[in-house]
Amino acid sequence: MSPRAHRAYLTTPIYYASGEPHIGHAYTTFLADALARYHRQAGADVRFLTGTDEHGQKIQEEASRRQLSPQALCDQMAGRFQEAWKEFDISYDRFIRTTEEEHKAVVRAFVQRLKDRGHIYASEYEGWYSVHEERFFTEKELGPDRTDPVAGRPVERIREKNWFFRMSAFQEDLIRHIRENPDWIYPEMRRNEVMGFLQKPLEDLSISRPRSRLEWGIPLPFDEDHVTYVWVDALINYLTASQAIRPGAPAGEQGFEDTSASWWPADLHLIGKDILTTHAVYWPTLLLGAGLPLPKRILSHGWWVVGDTKMSKSLGNVVDPMALRDEFGSDAVRWYLLREMPTGQDASYTPERFLTRYEELANVLGNLASRAISMIDKYRDGITPEGPASGLDADIETTLSAYQDAMEGLKVNEALSAAMELARTANGYVEEREPWAQARDPERQSGLDETLGTLARTLVILSALLLPAMPDRMTELARRLGLPGVPTLEEAKGISGGGLSVDKGAPLFPRNDNMGEAASAAVLGPGPAEVR
Ligand code: ME8
């Protein structure tokens with residue numbers, strides 16, 4: 001994705017419709033949103049996809065636990081995700097649900113295509129199955145007491161007829177692809193992990209579940225007694241939403257031969273490290289089997305933990321993004337998650353860190369905006385002076401280039417840090433220039449004009465740089481600077497800072513005495529997830 005990329009198709013995982021959105025889901029979605037907004041600002045044609053994963057045993061079991069039909073549970077939970085993403089200004093273009101008819105048809109066309117190409121066969125399967133992870137594990141992979149190695153839940157011994165995808169046939173092609181495209185999986189640590197995994201012979205992939213055991217899925221087109229394995233169903237969502245496949249069309253015209261008129265291939269799949277194998281091994285081999293192009297890039301980010309403990313409903317330490325939003329506003333939550341986690345690494349939620357990051361917003365950015373706008377109001381009747389406003393141009397240049405490099409390298413946290421550094425520098429500039437002293441001295445009026453113009457210009461640049469992370473507050477900042485909206489980076493560079501009619505307002509990031517308590521209370525206690 002170059003700065004002037006013509007188009008960018010970005011995806012998040014589709015989240016299980018069996019649980020509430022928490023800060024882990026929010027993080028991936030915020031990251032995708034920030035990148036989508038960055039690329040739109042740079043003039044790219046963007047398609048940003050998110051959604052919910054609605055089939056499989058996990059959903060069926062959660063529905064029966066809540067005494068709901070699976071569809072009713074999914075309707076409810078898809079609504080919860082949509083509501084959350086609305087509250088957080090997520091600019092997705094498409095919210096996919098795997099129970100949509102369109103998706104079901106694409107899944108059936110896709111597996112039929114694999115079958116027609118000779119990559120699917122029937123066989124007996126016996127193995128250790130984890131309901132929680134919805135997959136089989138090998139004896140060697142199992143944890144202590146025969147538990148699944150991911151969630152530590154019990155596994156069951158199961159023997160049944162299954163349909164298999166000849167994944168093993170694509171192992172060499174996949175290895176070659178990863179070797180030839182060293183940036184395909186980011187960060188490198190995750191690429192190495194996949195390469196390590198591929199050193200062992202790949203087993204074929206069971207792609208079906210007997211309907212007698214699992215009703216809630218998409219029936220295979222060539223065997224209605226089996227439903228599609230939920231991971232195969234789920235991965236295909238990226239293709240459905242790309243509008244590449246036309247299931248109703250005659251064979252040969254269903255879009256498998258040429259995807260160029262569609263959004264496929266995706267430019268970037270954003271995922272957590274928990275679902276790396278499914279995205280970097282299952283998905284590409286399935287695509288190779290169908291003869292379709294591979295996604296251009298996969299970003300596998302790290303894990304949010306709480307303190308030093310894994311977040312889990314049963315431990316009762318899940319962090320609720322909505323509770324944080326209610327107290328601090330959506331942008332403060334976006335800022336915290338995006339700024340705190342170095343892309344690819346793990347990070348820990350603590351109320352103290354949350355507050356420190358909020359203070360950064362209030363004291364550095366909020367303070368800069370408030371003092372600059374107040375002084376323009378007080379000394380120049382609310383209109384920014386015309387004239388030279390280049391006091392920080394060298395810093396702006398350096399920031400822009402660091403910011404763009406970081407964004408292109410998917411290091412959103414570093415891009416944001418560079419922008420915040422510019423705000424810090426601008427606060428230093430205020431101290432150095434002492435506009436209040438300039439104001440008192442008739443000889444220094446043009447100096448004061450330059451100070452105020454420079455600050456206005458810097459704030460315009462900051463609104464553009466920080467828009468991808470904080471769309472709400474930056475839109476408000478732009479409004480206070482007398483702009484019709486947040487400019488693109490290119491536009492911002494061309495805005496001199498003079499002649500803007502500013503509007504003083506309440507602090508962009510207000511503070512109150514309840515903040516510490518609110519940051520702690522967002523860590524939910526144990527209990528049913530639907531109560532918040
Ligand atoms: O795996 N830290 O859905 P899911 C960081 N339906 N990110 C986290 C996180 C944490 N503690 N917890 C969750 C599924 N995530 C499948 C995906 S895609 C075709 C199917 C984020 O609801 C992270 O992006 O369990 C992770 O990969 C995803 O949520 C898993 O969401």
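Colleague: By class, how does the shell around the ligand divide into nonpolar, polar and charged residues?

Modeller: Twelve residues of that shell are nonpolar, nine are polar and two are charged. Bear in mind that this is a predicted model.

Colleague: Which of the 23 residues around the ligand come nearest?

Modeller: Ile14, Thr28, Asp53, Asp274 and Trp304 come nearest.

Colleague: And which helices and strands each supply at least two residues of that shell?

Modeller: Four elements do: strand 1 (7–16), helix 1 (23–41), helix 7 (230–235) and helix 8 (237–240). Strand 1 has the largest share, with four residues.

Colleague: Now the polar atoms. Which backbone atom of glycine 272 lies 3.0 Å from the ligand, and what atom of the ligand is there?

Modeller: A backbone N or O atom of glycine 272 sits 3.0 Å from an oxygen atom of the ligand. Histidine 25 also faces a ligand oxygen, with a polar side-chain atom 3.4 Å away. For tryptophan 304 a polar backbone atom is involved, at 2.8 Å from a nitrogen atom of the ligand.

Colleague: How much of the ligand does the protein bury?

Modeller: The protein buries 94% of the 670 Å² that the ligand exposes when taken alone.

Colleague: Moving on. What lines the second largest pocket?

Modeller: Its lining has 20 residues, and Arg135, Thr138, Glu141, Phe197 and Glu203 are the ones nearest the centre of the pocket. The space in this second largest pocket is about 570 Å³.

Colleague: How many of its lining residues are charged?

Modeller: Seven are charged, alongside ten nonpolar and three polar residues.

Colleague: Which element gives the most to that lining?

Modeller: Strand 5 does, with three residues. Strand 5 (135–137), strand 8 (205–206) and helix 9 (276–290) each supply at least two.

Colleague: Strand 5 and strand 8 again. What is the order of strands in their sheet?

Modeller: The order is 5-4-6-8, in an open sheet of four strands with antiparallel pairing.

Colleague: Why is one side of strand 5 and of strand 8 left without a neighbour in the sheet?

Modeller: Both stand at the edges and have a single partner strand each, so one side of each has no neighbour in the sheet.

Colleague: How many bridges join strand 6 to strand 8?

Modeller: Two bridges, between antiparallel strands, with strand 6 covering residues 156–165. At one of them phenylalanine 164 is opposite serine 206 of strand 8. Phenylalanine 165 is opposite leucine 205, also in strand 8.

Colleague: And how many join strand 4 to strand 6?

Modeller: Ten bridges, again antiparallel, and strand 4 spans residues 120–130. Serine 123, for one, has asparagine 162 in strand 6 as its bridge partner.

Colleague: What about the sheet with strands 14, 15 and 16: what is its order?

Modeller: That open sheet runs 15-14-16, with mixed pairing. Strand 15 (309–310) and strand 16 (347–349) are its edge strands, each pairing on one side only. Strand 14 (residues 304–306) is parallel to strand 16, with three bridges joining them. Valine 305 is opposite serine 348 of strand 16.

Colleague: What does strand 11 pair with?

Modeller: Strand 9 (residues 208–210) is joined to strand 11 (residues 223–228) by three bridges, in the antiparallel sense. Serine 208 has threonine 228 as its bridge partner there. Strand 10 (residues 219–220) is also antiparallel to strand 11, over two bridges, and one of the pairs is leucine 220 with aspartate 223.

Colleague: What joins strand 10 to strand 11?

Modeller: A hairpin through two residues.

Colleague: Last topic, backbone oddities. Where is the peptide bond to proline 187, and is it cis or trans?

Modeller: The bond between tyrosine 186 and proline 187 is cis, with omega about 0 degrees. Proline 187 is in the loop between strand 7 (185–186) and helix 6 (188–197). Tryptophan 264 and proline 265 are also joined by a cis bond, with omega near 0 degrees. Proline 265 lies in the loop between helix 8 and strand 12 (268–272).

Colleague: And what is the sign of phi at aspartate 145?

Modeller: Positive, at about 55 degrees, although aspartate 145 is not a glycine. The loop between strand 5 and strand 6 holds aspartate 145. Most residues other than glycine have a negative phi, and most peptide bonds are trans.

Technical notes. Residues are numbered from 1 along each chain as its sequence is written. This is a predicted model: local features need pLDDT of at least 70, side-chain atom pairs count only at pLDDT 80 or more; totals for chains, interfaces and linings use all residues. Side-chain values use heavy atoms; hydrogens and water are left out. A residue is near a molecule or strand if one of its heavy atoms lies within 4 Å of it. A polar contact is a pair of N or O atoms within 3.5 Å; within protein, one must be able to donate a hydrogen and the other to accept it, and residues adjacent in sequence count only if both atoms are side-chain atoms. Accessible areas come from the Shrake-Rupley method with a 1.4 Å probe; for residues, only the protein chains shown count as cover. Ala, Val, Leu, Ile, Met, Phe, Trp, Tyr, Cys and Pro count as nonpolar, Asp, Glu, Lys and Arg as charged, and the others, Gly among them, as polar. On a 1 Å grid over the protein atoms alone, a cavity is a set of points where a 1.4 Å probe fits but cannot get out, and a pocket is an open set with protein on both sides within 12 Å along at least five of seven lines; lining residues have an atom within 4 Å of a point. Grid points are joined across faces, edges and corners, and a volume is the space filled by probe spheres set on the points. Two strands pair if DSSP finds at least two bridges between them.
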